[in-house]
Amino acid sequence: MTRTLKITGWTMIGLGVLILVFLGYQLIGTNFLTARSQDLAQETVGEHFVAAQEGIEAVDTLPPPPVEFGTPESPPPEDETPVVHYREPIPEDGVAFGVMLIPKIEAEHVLFEGVDRATLKKGPGHMPWTPLPGQPGNAVVSGHRTTYGAPFFDLDQLVPGDEISVETALGVHTYVVRSSLIVAPTAVEVTDAKRGGWLTLTTCNPKFSARERLIVSAELVDGPNFAYALAEKHFMPAEAS
Amino acid sequence: MRRLFALLPGPLPVRVIVALFALALVLVALFFLFEWGGDLLDSGGVVGPGQ
């Protein structure tokens, strides 16, 4: 009996230590790994910006949208010059291609191409099957909530009107939060194409659980493709975007 | 630990190799356990059919 109690006791202590080590590694240790990746990426993203300049091209034009179609944050051009769609080269998987700034939650993170496990350990990742941030359509970026640097720890604090900016090789793209919602992890419809320019941020919800997803949707209000995204929203039929 | 090591079969060099192998297995098991547990805590926020 005493021997059984002793073995049970030591087993419980062992499991307790294992859980503590696990939590320590996940909630503290992984932050160091991601911080190191972000530091390195701060250097390589600049190199990517320079290298990608050569690949930037004007791929389409549209007539300017009517003035009343603009938003108060940044009205569209009032002249009749066609608006241009600029496209930058698609980065390779795992490459640092942009920097995202969310002033409200004091978040600044280098963005990587891809949402596989290894890439998300380095920082927020862009879903490769969606347009890049700054492009017309719905650009989707996913990130950890509580581990690996917790880039989206305070994402729930964002409310409509808050600003998010993303710098890519093309320039700085400014978005304004329009909505946030909580969905099931399988709710792929949040990644669907949209008319205009959109940025969708996805992360786990609630904190310390992967039971749901917190989705923040922001609309492009300024940047190299803003006028084009606005014109596309106005002139193109819904099914074309 | 010493008692467990003493329970291993064979002469000392064999026991050392077996012990190292067992340690490696435990570390690999821990790695996968931590990865699996990490996904329960925070899977990265990706939305999709396999989530």
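**Exercise 1. Determine how strand 4 of chain A pairs with strand 5 and with strand 3, and decide whether strand 4 is enclosed or open.**

Solution.
1. In this predicted model, strand 4 of chain A runs parallel to strand 5 (residues 125–126), and the two share two bridges. Phe112(A) has Gly125(A), in strand 5, as its bridge partner.
2. Strand 3 of chain A pairs with strand 4 in the antiparallel sense, through six bridges. Within this pairing, Leu111(A) of strand 4 lies opposite Gly98(A).
3. Strands 3 and 4 of chain A make a hairpin, with four residues between them.
4. Of the seven residues of strand 4 of chain A, five are buried, so the strand is largely enclosed by the rest of the structure.

**Exercise 2. Find which residues of chain A other than glycine have a phi near 50° or about 50°, and state for each whether the residue is buried or exposed.**

Solution.
1. As background, most residues other than glycine have a negative phi.
2. Glu106(A) has a positive phi near 50°. The residue is in the loop between strand 3 (96–102) and strand 4 (107–113) of chain A, in the turn of the hairpin.
3. Glu106(A) has 8 C-beta neighbours inside 10 Å; exposed residues have 12 or fewer, so Glu106(A) counts as exposed.
4. Tyr148(A) also has a positive phi, of about 50°. This residue belongs to the loop between strand 6 (137–142) and strand 7 (163–168) of chain A.
5. Around Tyr148(A) there are 26 other C-beta atoms within 10 Å; the threshold for burial is 20 or more, so Tyr148(A) is buried.

**Exercise 3. Locate the cis peptide bond that involves Pro206(A).**

Solution.
1. Most peptide bonds are trans.
2. The bond between Asn205(A) and Pro206(A) is cis, with omega about -10°.
3. Pro206(A) sits in the loop that links strand 9 (197–205) to strand 10 (212–222) of chain A.

**Exercise 4. Trace the pairing of strand 8 of chain A with strand 7 and with strand 10.**

Solution.
1. Strands 7 and 8 (residues 171–183) of chain A are antiparallel and joined by six bridges. Two residues connect them in a hairpin.
2. Val172(A) of strand 8 faces Glu167(A).
3. Strand 8 of chain A also pairs with strand 10, again antiparallel, over nine bridges. Here Arg213(A) of strand 10 is opposite Val183(A).

**Exercise 5. Identify the residues with the most contacts inside the largest nonpolar core, and find which element gives the largest share of that core.**

Solution.
1. In soluble globular proteins, nonpolar side chains tend to be buried together.
2. The largest nonpolar core here holds 42 residues, and those with the most contacts inside it are Val110(A), Leu111(A), Ile164(A), Leu199(A), Val216(A) and Ala218(A). Helix 3 (residues 226–235) of chain A supplies the largest share, six residues.
3. Leaving aside residues up to four places away in sequence, Val216(A) touches Leu155(A), Leu158(A), Val177(A), Ser180(A) and Leu201(A).
4. Seven of the 10 residues of helix 3 of chain A are buried, so this helix is largely enclosed by the rest of the structure. The buried residues are Phe226(A), Ala227(A), Tyr228(A), Ala229(A), Leu230(A), Ala231(A) and Glu232(A).
5. The buried residues of helix 3 pack against strand 1 (57–62), strand 2 (83–87), strand 9 and strand 10 of chain A.

**Exercise 6. Describe the setting of Asn31(A) and its separation from Thr147(A).**

Solution.
1. Asn31(A) is part of helix 1 (residues 2–52) of chain A.
2. Its 16 C-beta neighbours inside 10 Å make Asn31(A) partly exposed.
3. The C-alpha atoms of Asn31(A) and Thr147(A) are 6.6 Å apart, although 116 residues separate the two along the chain.

**Exercise 7. Summarise chain A as a whole and its contact with chain B.**

Solution.
1. Chain A contains three helices and 10 strands, in the order α-β-β-β-β-α-β-β-β-β-β-β-α along the sequence.
2. The C-alpha trace of chain A spans about 90 × 35 × 30 Å along its principal axes.
3. Of the 241 residues in chain A, 40% are buried.
4. Among contacts in chain A with a separation of 6 or more, 64% are between residues 24 or more positions apart.
5. The contact between the chains takes 25 residues from chain A and 15 residues from chain B. The chain B side consists of six nonpolar, seven polar and two charged residues.

Technical notes
Residues numbered from 1 in each chain as written. Chains lettered and ligands numbered in written order. Predicted model: local features only at pLDDT ≥ 70, side-chain atom pairs only at ≥ 80, totals over all residues. Contact = placed C-beta atoms within 7 Å. Nonpolar A, V, L, I, M, F, W, Y, C, P; charged D, E, K, R; others polar. Core = buried A, V, L, I, M, F, W, Y, C linked by C-beta atoms within 7 Å. Pairing = 2+ DSSP bridges.
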